[in-house]
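Thanks for asking me to look through this structure with you. Have the sequence and the 3D view open as you read, and find each residue as we reach it.

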Amino acid sequence: KPSEKRIKNVTGFRDFLEDRRAAVEKEKKIAEMKRIKEQKEEAAKAYEAKKGEMMAEAQETWNNASLMVKKVMGILETVIYRGPYGDEFDALGRGYLAGVLEQYIEAEEEIVLYMLAFPFKSASTAKTASPYPDLAEVAALQTLGKLLTELNAAYEPGARYVLISDGVTFSDIYGIRDDMMLGYLLSIQEMCYKIHPKLECRSMYDVFPEQVVEGVKDGDKTWYWDEKQIRDEIFDVYQPSQEWVMMQREIDGGFKAKGMDFQKFLYEDADPAAFANNNQRNNHAKRNAMRMLQRDEALRIFTMGALPNGIRVSIRPRSQAGPTYCINMIGQTQREMGKKFAEVVDLTTPWHNVLIRIDENEEDSERTDLLPTDKRFYMRNQFVSCFKGAKPIVEDGRVQAYSIPAASLEGEDPTKDYKTDEEFTIHTLPEIPTEEVARLNRIKAVKNAERFGWDPDITAALKNVGDKILNKEVTREMVNFGAGNDNLLLS
């Protein structure tokens, strides 16, 4: 019929126009990527031309640093991770950090270090012994507590280490229940308080404390902000588009590598039973890695705005040129074991592993605690059974870590040709608590700062950024994504 033919022609023309618009838009994006890539290449060339000058300036800063700066630096260097290749700390990083420390020391101010970390325990039974914090977290926090003890003894105004849990930021992408993430946060806060008075653990709940604790009035009703509401408010301002992420992956190798790491973790932590095959599981991880990159950039810029004068430390390897520095949270034994065993990495985190305590005799293996003098390292849960004499350290009815005899770590690598028929899945979880219990736990996460006597200036700084979002003092148009790069060489 003529009328049907006209409709078909019109529909076909619309599809043609839509395809053409999409092609034009794609061409624009490709051209924009090319332009940004060229700018980055020009910046890299300019850096190379200036590198010698920057190295000379860094060396001069270090040579002219005060005795106190060098004393503090000596303590910090006990935890700063030195990578096997691409390490720029000697050439650039030490000098840059010395300049930052000099400003603190001249002003006689407390040194503030902060780190985005301790989100939640991996749900994978291949990685962790349970979904709860255990001696793996204690080991990392002991390292930070020791660092603070030494810094505060050496420098009178002292030093403070602020952990900012990124659990709220990423829990939904990983499929971690809010109550499990929140329980993990509350446990880490308690651990921090017991280990050192200046070791704090904050979170995204601290950004909107009034909305979490007192709630928002809506007529006769009061509604309290939850994790989704907090994410929505922050990401509405600070989260870049997927197009930006795609462009950044093309021009920044480090950014791309971070995305690949995210994809790997998302694949490992996913429940295998939720997918028909590994290809589906990998595609799911790949899509969510893009979302992780968006949120990671949002969180990076957000926290830089909250603590602009703080020294940012990280769990990710980097050039160490500054202004962000990667640290080893568990000590030298991790690197030693990483060289020795194929399935042990020399830089990793407590929430993706179990703790291995190396014991010299049977008497030591019976202990359930972790002494500062104990040799320890992290390893995936699935590889523990490779070692003879491995024994679980159990407390409160849960495996907290494993004791492995020192003698079992000698000789050939039992993890090298590791194979197993065991099917790893995700941990069994308790019943979901009521919303009222969840609300009270969110309030507790905020009020713990006052309860533990943590710095009110940090409390105010985090709330201040939240207030700026709510008052429209900072908008998406004002955010310069990629600016203030956490690698000095790319800034």
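The numbered points below go through a predicted model, one topic at a time.

1. Let's begin with the open sheet. Five strands make it up, in the order S3-S2-S1-S6-S7, and their pairing is parallel. Strand S3 (199-202) and strand S7 (325-326) are the edge strands, each pairing on one side only. At the S7 end, two bridges join S7 to strand S6 (residues 311-314), and the two run parallel. If you would like a pair to look for there, Ser314 has Cys326 in S7 as its bridge partner.

2. Next, compare that with S8 and S9. Strand S8 (residues 354-359) is joined to S9 by five bridges, and these two strands run antiparallel. Val354 has Met379 in S9 as its bridge partner. S9 is also mostly covered, with four of its five residues buried.

3. Now for the nonpolar interior. Which residues touch the most other members of the largest nonpolar core? They are Met115, Phe118, Tyr161, Leu163, Tyr205 and Tyr238, out of 113 residues in that core. Helix H4 gives the largest share of this core, 11 residues. Apart from it lies another core, of 19 residues, among them Phe383, Val384, Tyr402 and Phe424.

4. Phe118 deserves a look of its own. Leaving out residues up to four places away in sequence, Phe118 touches a list of residues that includes Glu137, Ala140, Leu141, Leu163, Tyr184, Met329 and Trp351. Leu163 also appears with Phe118 among the core residues that touch the most other members.

5. The aromatic rings come next. There are 12 aromatic pairs in the structure. One of them is Phe383 with Tyr418, an edge-to-face pair at 4.8 Å centre to centre, with 75° between the planes. Phe383 lies in the loop between strand S9 (375-379) and strand S10 (391-395), while Tyr418 lies in the loop between strand S11 (398-405) and helix H14 (435-451), so this pair ties together parts that are 35 residues apart in sequence. Both partners, Phe383 and Tyr418, are buried. Elsewhere, ring pairs link Tyr193, Phe452 and Trp454 into a cluster.

6. Trp62 has charged company. The charged end of Lys70 sits over the Trp62 ring, 5.2 Å from its centre. Arg94 lies over the face of Trp62 too, at 5.8 Å from the ring centre.

7. Is Asp134 buried or exposed? Asp134 counts as buried because its relative accessibility is 3%, and buried means under 20%. You will find Asp134 in the loop between strand S1 (111-117) and helix H4 (135-154). Its side chain reaches the backbone nitrogen of Ala136 at 2.9 Å. Beyond its neighbours within four places in sequence, Asp134 is in contact with Lys121, Met191, Val399 and Gln400.

8. Finally, set Asp220 beside that aspartate. Asp220 is in the loop between strand S4 (216-218) and strand S5 (221-223). With 85% relative accessibility, Asp220 counts as exposed, because the cut-off for exposed is over 50%. For a sense of scale, try Asp220 and Glu57: they are 163 residues apart along the chain, and their C-alpha atoms are separated by 63 Å.

Technical notes:
Residues numbered from 1 in each chain as written. Predicted model: local features only at pLDDT ≥ 70, side-chain atom pairs only at ≥ 80, totals over all residues. Heavy atoms only, no water. Buried < 20%, exposed > 50% of the residue type's maximum accessible area, 1.4 Å probe, protein only. Polar contact = N/O pair within 3.5 Å; in protein donor to acceptor, adjacent residues only side chain to side chain. Contact = heavy atoms within 4.5 Å. Phe/Tyr/Trp six-rings, centres within 6.5 Å; stacked < 30°, edge-to-face > 60°. Lys NZ or Arg CZ within 6 Å of the ring centre and 35° of its normal. Core = buried A, V, L, I, M, F, W, Y, C linked by side-chain atoms within 4.5 Å. Pairing = 2+ DSSP bridges.
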